[in-house]
Amino acid sequence: MPSGITMQSGWPVLKGAPLLLALLSFSAAAQTVAEVTIAGYQFQPAEVSIKVGDSVRWTNREKRTSHSVLFPAEGGLESERMFPDESWERRFEQAGRYDYHCGPHPEMKGVVVVGE
Ligand SMILES: [Cu+2]
């Protein structure tokens, strides 16, 4: 067993406080991830508001239809095609309004609003 680690109740317990503090500060600085579900040919919610540095994760919950997320204002930047139960995540580094739609189903629309 590595030094500095003891077993208590079946879980390894770290003796050193510095590592614990490092873990806590890491989680405090962790970004927020807003979840958007894709189901019934809709983005739910269709509008999400986040802060700069946060991410949005889209997850396809259809039974058999694949979808994507396409941002026409950014040269058609498009996600991978998401098959059922797959997801795609994007981090937003700049404030603004990001309208998007599904690649194969342009009538499916959504928007990400990124605030300072
Ligand atoms: Cu679609």
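1. Let me start at a loop. Pro45 sits between β4 and β5 (47-51), and the peptide bond leading into this proline from Gln44 is cis, with omega near -5°. As background, most peptide bonds are trans, so this is a spot to look at on screen. Both Gln44 and Pro45 are also among the residues in contact with Val36, once the neighbours of Val36 within four places in sequence are left aside.

2. A word on what you're looking at: this is a predicted model. The average pLDDT over the chain is 86, and 74% of the residues score at least 70. Go carefully at the start of the chain, though: over residues 1-8 pLDDT stays under 50, and the model has nine contacts for that stretch beyond four places in sequence.

3. Now the overall layout. There are eleven strands and one helix. Reading from the N terminus, the order is β-β-α-β-β-β-β-β-β-β-β-β. Of the contacts in the chain with a separation of 6 or more, 45% are between residues 24 or more positions apart. Buried residues make up 16% of the 116 in the chain.

4. One sheet is worth tracing by eye. It is open, has four strands in the order β4-β3-β6-β9, and its pairing is mixed. At the edges are β4 (42-44) and β9 (87-91), each of which pairs on one side only. From one strand to the next, the twist averages 20°.

5. Which strands does β6 pair with, and in what sense? With β3, β6 pairs in the parallel sense over six bridges, and Glu35 has Arg57 of β6 as its bridge partner. With β9, β6 (residues 55-60) runs antiparallel, joined by five bridges. Two partners to check there are Arg91 for Ser55 and Ser87 for Thr59.

6. β6 also has two faces. Val56, Trp58 and Asn60 are on the covered face, while Ser55, Arg57 and Thr59 make up the uncovered one. That fits the usual rule: in a regular strand the side chains alternate between the two faces of the sheet.

7. What holds the most contacts inside the largest nonpolar core? That core has 13 residues, and the ones with the most contacts inside it are Val36, Ile38, Phe43, Val56, Trp58, Val69 and Val112. Two or more core residues come from each of β3 (33-39), β6 and β10 (96-101). Val36 is a handy place to centre the view: beyond its close sequence neighbours, its contacts include Phe43, Val48, Val56, Trp58 and Gly110.

8. Two loop residues have backbone angles to flag. Most residues other than glycine have a negative phi, but Tyr41 has a positive one, near 60°. Tyr41 is in the loop between β3 and β4 and counts as exposed because it has 12 other C-beta atoms within 10 Å, and the cut-off for exposed is 12 or fewer. Asp85 is the other case, with phi near 70°, in the loop between β8 and β9. Asp85 is exposed too, as it has 10 C-beta neighbours inside 10 Å.

9. Last, Gly76. Is this residue buried or exposed? Exposed, because 9 other C-beta atoms lie within 10 Å. Gly76 is in the loop between β7 (70-71) and β8 (77-78). From Gly76 to Tyr100 is 24 residues in sequence, and 9.3 Å in space, C-alpha to C-alpha.

Methods
Residues are numbered from 1 along each chain as its sequence is written. This is a predicted model: local features need pLDDT of at least 70, side-chain atom pairs count only at pLDDT 80 or more; totals for chains, interfaces and linings use all residues. Two strands pair if DSSP finds at least two bridges between them. Axes are lines fitted to C-alpha atoms, for helices over the stretch in contact, and angles run from 0 to 180 degrees between N-to-C directions. A residue is buried if 20 or more other C-beta atoms lie within 10 Å of its own, exposed if 12 or fewer, and partly exposed in between; C-beta atoms are placed from the backbone. Two residues are in contact if their C-beta atoms, placed from the backbone, lie within 7 Å. A nonpolar core is a set of buried Ala, Val, Leu, Ile, Met, Phe, Trp, Tyr and Cys residues joined through C-beta atoms within 7 Å. pLDDT is the predictor's confidence in each residue, from 0 to 100.
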